[in-house]
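Hello,

Here is the structure you asked about. Please open it alongside this note, and my findings follow below.

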Amino acid sequence: MKIAVVGAGLTGLKTAKELAEHAKVVVFEPDDVGGLVATFREFSIEKFYHHCFRDDAFLLEEIKRCGLKSKLVWKIAKTGFAANGKIYPLNTPFEILRYPLLTFGEKIRLARFTLKSRKLNYEDFDDVGVSEGIREELGEGLLERFFMPLLRSKFGENAEKVSYAWLLGRVAIRSNRKYSGEEIGYIRHGFQQLVDKMAEGLEIRRERARIRKNARWDVNGEDFDAVVYTAPLSELGELAEKLGIPEVRYQSSVCALIGAEETLTENIYWTNIADKMSFGAVIEHTNFMPFEDYGIHLMYLAAYSTPDGWLFNLSDKEIEKLFLSDLRKLGFKTESVRFVRVFKAKYSGPIYEKGYRRKITPYRVAEGFYVAGMTSRPNYPERSMNGSIRAGKEVAEQVKEDLL
Ligand SMILES: Cc1cc2nc3c(=O)[nH]c(=O)nc-3n(C[C@H](O)[C@H](O)[C@H](O)COP(=O)(O)OP(=O)(O)OC[C@H]3O[C@@H](n4cnc5c(N)ncnc54)[C@H](O)[C@@H]3O)c2cc1C
């Protein structure tokens, strides 16, 4: 039995590892092994910010299996909100009470909403638009002054299209808050260590896979009994239509990694930007992990766009100029910047639009053709490393049940 796994992100690596004990497995990957979690090698840091959560059971199990559990660091990550050019920490109840841009009543409603969202079945709200849902539940003020800036920072130009289910799911899943903030995890010195361990012993061909149906499945001119496709569906072209896979729209990520002599804030890891700026969040990695590990302060400026969006199609130099000019508006002295590296991902996640649930791809889409990854069930209503590892495990189980 010969199986092709397309893509060496976390889904592809997990699938390949699970199947390699039972069949000959060849992985196809034209770009960095690790996909979206791949590393900027010079500083052993992800090109795109990454952290994990306590309830990421599949990811934590994989970290343990790879012998990296002792490198996992858990900490409270401080968050903040930048509004009217000023950064407000928003962690403790006291800081939240002091935040001047929401009324006391709005803060109470927000707290109640967090509790309520945990009890709701978010899937029931898949056909409701996010602004519609928030307006009805929380009113115009919270929508405009609190949620829309967050949604814009997460979905860019597509913020209005997102389903209310996404927001409810997100609030319910990610509200693992302690008194002074949310606890998150990181593998000290980077997730690349996990990627390397997962890739060990696999046959990975550094080629873009071109797939055709013949008597079996042809990948780059070689016959396979089955294909597990873990790359973005948009890359499948006509084959997706032939196989009846619904069209999923993707968002793109644009991230600038900045090395500087100074920090923007003293101890905030994640600052959401409520003001209209070219990026939606500042993530100060060295306010979370030790500065000594890198010898320079590292921060990401993060934005989302679409494959044909104006931001995604700017040159790296143009993005750098735009981002640094907005960073100055937050009071950052850009003279202290030592380097800027811009990273882009064309397909960085599905847009969880209204009705998205009906587009979740089943693992088996045709005889011998399987799909897993960001559009699989474990990655709804939010894609994550945990969801991708789980999808890789589950698709491998399906392949074993069908063919091995
Ligand atoms: C900015 C950003 C921040 C994130 N932060 C977090 C976080 O903090 N925590 C978290 O849990 N998750 C985070 N994620 C999500 C997480 O990175 C992804 O959910 C996960 O890595 C996806 O893995 P995957 O294997 O499903 O897909 P991908 O990583 O996209 O892998 C797909 C692979 O397929 C390859 N490919 C494409 N076309 C072809 C082809 N024709 N032939 C062969 N290969 C092909 C690609 O090069 C890629 O390597 C973040 C993502 C982004 C973009």
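Domain bounds here come from an automatic or database domain assignment. Please keep in mind that this is a predicted model.

**Domains**

The assignment gives two entries for the protein chain. Domain 1 is made up of 2–50 + 191–247 + 360–403. Domain 2 covers 92–179. Taken over C-alpha atoms, their centres are 33 Å apart. Six residues of domain 1 take part in the contact, and ten residues of domain 2 do.

How much area do domain 1 and domain 2 bury between them? The figure is about 620 Å². Carbon and sulfur atoms account for 44% of it. On the domain 1 side, look at Tyr-380, Pro-381 and Glu-382. These residues lose the most area to domain 2. Together they make up 81% of what the domain 1 side buries.

**Salt bridges**

Side chains of opposite charge can pair when their charged atoms come close. Between domain 1 and domain 2, the count is three salt bridges. Glu-382 turns up again here: besides losing area to domain 2, Glu-382 forms a salt bridge with Arg-170. The closest N and O atoms of that pair are 2.4 Å apart.

Across the whole structure, the search finds 31 salt bridges. One of interest to you may be Glu-222 with Lys-2, at 2.8 Å from N to O. Which parts does this pair tie together? Glu-222 sits in strand E13 (residues 222–224) and Lys-2 in strand E1 (residues 2–6), so the bridge joins parts that are 220 residues apart in sequence.

**Cavity**

There is one cavity of 30 Å³ or more. The largest cavity holds about 40 Å³ of space. Its lining consists of these residues:

- Ile-258, Ala-260, Glu-262, Thr-263 and Glu-284
- Thr-286, Asn-287, His-297, Leu-298 and Met-299

Which elements give two or more residues to this lining? They are strand E15 (250–260) and strand E18 (297–305). E18 gives the most, with three residues. By type, the lining divides into four nonpolar, four polar and two charged residues.

**Where to look**

For the domain contact, start at Glu-382 and Arg-170, which form a salt bridge. For the cavity, start at strand E18, which gives the most to the lining.

Best wishes

Conventions. Residues are numbered from 1 along each chain as its sequence is written. This is a predicted model: local features need pLDDT of at least 70, side-chain atom pairs count only at pLDDT 80 or more; totals for chains, interfaces and linings use all residues. Side-chain values use heavy atoms; hydrogens and water are left out. On a 1 Å grid over the protein atoms alone, a cavity is a set of points where a 1.4 Å probe fits but cannot get out, and a pocket is an open set with protein on both sides within 12 Å along at least five of seven lines; lining residues have an atom within 4 Å of a point. Grid points are joined across faces, edges and corners, and a volume is the space filled by probe spheres set on the points. Helices (H or I, at least four residues) and strands (E, at least two) are DSSP runs, numbered from the N terminus. Ala, Val, Leu, Ile, Met, Phe, Trp, Tyr, Cys and Pro count as nonpolar, Asp, Glu, Lys and Arg as charged, and the others, Gly among them, as polar. Contact means heavy atoms within 4.5 Å. Buried area is the accessible area (1.4 Å probe) that two parts lose on being put together, summed over both. A salt bridge is a side-chain nitrogen of Lys or Arg within 4 Å of a carboxyl oxygen of Asp or Glu.
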